[in-house]
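Me: I am new to this structure and would like a close look at one part of it. Please pick a single buried helix, tell me what lies around it, and then connect it to the rest of the model.

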Amino acid sequence: MTANAVPMSQWPSDYAYTIPVAGDQDVVTVTIDDKVVQAPRGELLIKVAQRHGTYIPRFCYHERMKPVGMCRMCLVEVDGMRGLQISCATPVTDGMVVRTESAAVKQAQDGVLEFLLINHPLDCPVCDRGGECPLQDQTLAFGPGESRYVEEKRHFEKPIPISDLVLLDRERCIQCGRCTRFAAEVAGDALIDFGGRGEETEVITYPGQPFTSYFSGNVVQICPVGALTARPYRFKARPWDLEAAETSCQSCAVGCRGAVESTTNRVVRLLGVDSEPVNQGWLCDKGRYGYEWIHADTRVAAPMVRTGTSRMTEVSWPEALDAAAAALRRVHDEHGPSAIAVLGGADGTNEDAYVWARLAKGVLGTDNVDAQLADGLPAEVVLGMPRATIADLDRAKAIVVLGVDTREVLPILHLRLRQAAVDRGVPLVDVATRDTQLTRHATAVLRHDPGAPADAVEKLVAALGGEKPRTKALDALADATAGRSGPVVVVLGRPSVAEPAAPTVHAAALLAGVADVRFLSALGRANVHGALDLGLAPGFLPGRVDLESGRAHVGEVWGVVPDAVGLDATGILRAAAAGQVRALVLLGADPLVDFPDRALARDALEKVERVVCVGAFPSDGVEHADVVLPPTVWAEHHGSTTNIEGRVQRLARIVTAEGSTMEAWRIAAEVAVRLGHDFDLESVEEVQDEIARVAPAFAGVDALLLRRARDGVVVPLADHVDELTLGAAPPGAGVSWEPIPPQPAEADNGAVATPVATPAPAVALHRWSGVAPAPAAAPADAYSLRLVAAATLYGADRVVVASPSLARLAEDAARLFVNPRDLESLGVADGDRVRVTSSRATVELPIAADRATPRGTAFVASNLAGAGAADLIDIDAPATDLRVETLTERER
Amino acid sequence: MPAEETRIVTEFLRSRPDDSWTFEAARKHNKAYSMLEKALAMERAQIVEEVTTSGLRGRGGAGFGAGQKWSFLPKDVFPRYLAVNADEGEPATFKDHMLIECDPHQIIEGAAITAYAIEAHYAFIYIRGEFALGAERLQQAVDDAYANGYLGKNILKSGFDLDVIVHRGAGCYIAGDETGLLSSLEGERAMPRIKPPFPAAQGLYAAPTVVNNVETLSTIPHIIRKGGKWYSELGVNKSTGTRVFSVSGMVERPGNYEVELGMSFRDLIEGLAGGIRGGKKMGFFIPGGASAPWLMPEHLDEPLDMDRASELKTMLGSGAIMVFDETVDPLLVSWRLAKFFAHESCGKCTPCREGSGWIEKVLYRMANGLGRPDDLDLLLDFGQNIVPGLNAPFAQTTICALGPSTMSHVVSLDRWFGDAIRERLQRDTDRRTRLEVRSA
């Protein structure tokens, strides 16, 4: 590919500026310090040099942001060009001769560092960044030995909070603009900027508007000095005391790569690691700071059994496992396999999911297993739809975001979508009931009534097929997609738990008819895809095969496979409420918290006879349990997980487990032994190897390959073998502040030489038929507001609730968002408490005006604590309509 | 022969000091917009050709050929914009101030002709925020021009559309840099941008943009009237035509003087401006605004010629001549200039942001008897990190020319007063040491 222009940042400016590149060869020859190297034309000099072992110092330049050329640290000499050139904004051209170590360059580097240090406090011994500070490192490597500055340094009040999480020390700031550019250009939350002039230049927030970005932690990571610090890590550790391991974040299903760091057996930090196909170095704040819960006081530290009606007693593991096995055996023997059900499992590892699926389906013989709690999409669709990878977004013909606010559910996917639309010009279609953060970047915006996307999607399908549907939005889309190649990527999620999944499935079925369409699932739970892939779904066996087609292959190892398709979460709870399901295994899920219909969940839990809970927190269903088997959690165990695109990535263990806990997969194996089945699985690696053998979609993805593949493996491997990168990452790659690397080893460590075996799946994988009947429309009532209920990022899940830093951010109660004009016609003011009545219940909620919500609809975050969506929703109703009444003076 | 002004752009405003800014007067007595009419009947290339022939160089400071600047616009890339730099902020420069307040129609006419020549349909006049009266008169002039069909749709039935937007700055020196001005026009903080891309390729809103100074544009109607050749015959060498010089400081008659280039500094300072006030002798003078290196009395017979100024290692810059008599302490002048640049550095590039403040602090102690013997050499040494080589024309490690400006007066100090200052610093140090010894 030949670039005629390189994107650049002309910060401050919102417009797309580029650096022109002369010449026409695709590959150019450049001489850097007498070393002749080849590079693609138009690549930035600083990058070419680094790849070939010459590190040019820099502060403002960041690999994942456009160059801006502010800090002047990366000056080099280029023959034939007047003066020194900034290598971060100089594209290589053929025949370029560059000197990075000449006397003039050395003097300029000395000079810039001397200037940076005149006002920078030398408080390294008490600075959080000391020891991993680019300014410190580069001063040592490139700077002068001492300062000639004898005057008073600049002084500011410090530190000042710029948000609930981030604090700013303006004295340490070297004004590189990384944070401000990240906020404006990457996150799209331009809430920080520079104020003041000259040496009084400072990073500021706007009055009354703190830096409340979901991505604020990234600015702390990319700050080249200790100017930005975050509350959770502040003064917790010295960098040289930290142990680090690369892992995947598990606060949502994107699975961002990160380096988890610990000291004295406590996790103290998670840093983003740059994985091109996944997160490109960024993390959201929930992921970055959602580690505190690991060490929360509320965690269940030892197994417990219920003795008497309300008392839980701590017992030893053998006793607890015996109790669990006995309870399950009794129900199984008395009422048959279908009286047992397993709910949850979407927060564990693939190994946990697999062994639990084997226990449930291969030992207990029940197919009443569901990792989703009626808040996602049918497994049949998720497992069988044609899949896109995250990287497909970059080269898509068009992107359709169907119904889901990605920023609330999958924040880093939101950044990738934003990047595709804003920086890469990929046409984006926003199909939803209300505005999201992507709406302003959309080429076409299609609004529809809650639960009725079909009309809008039909028109969209016609437009994507090249027809001119003669609406302004779709004409714009047709124009934008004309001449573009690549797949159409549909980001498919559940728009609202106040309506069934059927309308969304129907819309997906319509879109399935578009040429070269691929779907990217937008389900939120961390490892929901791994859980579904490995059999924690009714009707499926591990490896994306249904009961029938997989029976023979899986049965070979398992022995038994359920006869008939079982119940999904709603069915399980209904059956429990009806007394048919008598034993419930909760794998880190509490129906009262996670299920959209709280009344049904309450009925079910009251009726069910035995509850075995594999949960680390009270919110995991511990209070309903007869037996509690506390599992290890993220950062305490090895394993692998699967993200939204089907990428299997490894997790790292960095701390020893709290209290007396056990890996969830081992719990399942231990219970199985007590039920007479020895799985003979002793380690995570053995489980991984068994998965590779048994689960058809995981063919070839064994422990060895997972260890070698740098960015994980997308399953099925046979389709994605070209995307594999084997071997260790180059030194310094990843952690975004680029420590000065040693000379990179030119040759790989030999791992590449070994070919990767890519066996085809032993059984044809499940394919979704793409047929879904149109659901009957729920008639709208002119006096009601139709409810839309979807998750918000800082909800009441354990990652937020049990992490003190994040818990502060979660609002204490749900609010009912309605259009300001509806608010007016209701005769209530913004912030008033109102009485909200559905067919299910009446609750009192504060009401809030929200322009993003169209007239006739109301929005409630589905995952906030307190009265809210789950009380109002009837899972059997085709829609949830609300009556809103004002409270009388006395009621207020 | 006594020195005389050659009035072209200031002719009309000098002739009618009471109402030259009004539409009626400009139409009636100056045939305002008649040259726009003429230009609209010309081929675009012909206008560019005339301006190129005239040798007119930018009057903002850099002195780049105006016609040449226009011809850099990439072909067939639209929309294009014209930005008029009316953010006259260089200390001691007040020529644009006068042109804006007293003859706004001349500017609008020049801008309209230029916009036509470069095929731009929007012209943004970025006026310095402090020019309240100027902004008021300019806006009135724009409104009058719209009302009379010289701006807007289908100007004079030529089919050419032009909208002129008067935008007031918020008070910032660096908005006078052309890319800083564009950032500010976009609604952002005024910070210069890296070049390339140059504004001609990607300027305002990333579209091809020409940025011209007020005086440059005021000259355009006259070139259209009398032809590029006529203009090129005025002046000297490659410095053609006339320029308005703002003479200030310790002279008898400070003010704006429009003279033919090539006149000597002596004729301008001693002839037109009446020489040094109070019969004193000249100490030194700054020939081109605060950013220009200084000259000494022995240079008074040098001509006002941009290329000759470069040979003298200075520049005519914005055309502001600051004259200081023999009683002025050059260190104090230097410190005051340093204070200005330290205050106005936008903060984008490290060397300027940090260096300008450091220079100011060192000069402060030097000027106030607290200097150390090697302070001047310290300045010259770390100043090399802003201006490598310290040799005019200045190289720079910064994006814009504010970086070198912070050092130009320091270089002048060393060049003209170096030995005296070093002696003085030594004397100050010795005196302080004696005081310390005595008090010990």
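Reply: What follows starts with one helix, moves to its surroundings, and then widens to both chains.

A few ground rules first. This is a predicted model, in which local features need pLDDT (the predictor's confidence in each residue, from 0 to 100) of at least 70, side-chain atom pairs count only at pLDDT 80 or more, and totals for chains, interfaces and linings use all residues. Residues are numbered from 1 along each chain as its sequence is written, while chains are lettered from A and ligands numbered from 1 in the order in which they are written.

The part to look at is helix H4 of chain A, residues 178-187. Helices (H or I, at least four residues) and strands (E, at least two) are DSSP runs, numbered from the N terminus. Nine of the ten residues of H4(A) are buried, so the helix is largely enclosed by the rest of the structure. Here a residue is buried if 20 or more other C-beta atoms lie within 10 Å of its own, exposed if 12 or fewer, and partly exposed in between, with C-beta atoms placed from the backbone. The buried residues of H4(A) include A:Phe182 and A:Val186, and also A:Arg178 and A:Arg181. Just after H4(A) comes A:Gly188, which has a positive phi near 75 degrees.

What covers the buried residues of H4(A)? The cover includes strands E10, E11 (202-205) and E12 (228-230), along with helices H5 (217-222) and H11 (411-422), of chain A. Let us follow one of these, strand E10, which spans residues 192-195 of chain A and holds A:Gly195. A:Gly195 counts as partly exposed because it has 14 C-beta neighbours inside 10 Å. Beyond its neighbours within four places in sequence, A:Gly195 is in contact with A:Glu202 and A:Ile204; two residues are in contact if their C-beta atoms, placed from the backbone, lie within 7 Å. A:Tyr206 is eleven residues from A:Gly195 along the chain, and their C-alpha atoms are 9.7 Å apart.

Stepping back, chain A has 27 helices and 38 strands. Its radius of gyration, 28 Å, is close to the 29 Å that the globule rule gives for 892 residues, so chain A is as compact as a globular protein of that length. The radius of gyration is taken over C-alpha atoms, and the globule rule is 2.2 Å times the number of residues to the power 0.38. Buried residues account for 58% of chain A.

Elsewhere in chain A there is an open sheet of seven strands with mixed pairing, in the order E17-E16-E29-E28-E27-E18-E19. Strands E17 (311-314) and E19 (369-370) of chain A are at its edges, each pairing on one side only. Inside the sheet, E16(A) (304-307) and E29(A) (627-628) pair in the antiparallel sense over two bridges, where pairing needs at least two bridges found by DSSP. A:Met304 has A:Val628 in E29(A) as its bridge partner.

How sure is the predictor? The mean pLDDT of chain A is 91, with 96% of the residues scoring at least 70. Residues 731-753 of chain A, however, stay under 50. Where pLDDT is low, the predicted coordinates should not be read in detail. Chain B averages a pLDDT of 95, and the complex has an ipTM of 0.93 and a pTM of 0.94 from the predictor.

Chain B has 17 helices and ten strands. It offers an enclosed element of its own: five of the five residues of strand E4 (209-213) of chain B are buried, so E4(B) is largely enclosed by the rest of the structure. B:Thr209, B:Val211 and B:Asn213 point one way from E4(B), with B:Val210 and B:Asn212 pointing the other way. Strand E1 (81-86) of chain B runs parallel to E4(B), joined by five bridges.

Finally, the two chains meet in a contact that takes 36 residues from chain A and 40 from chain B. On the chain B side, H15(B) gives the most, nine residues.
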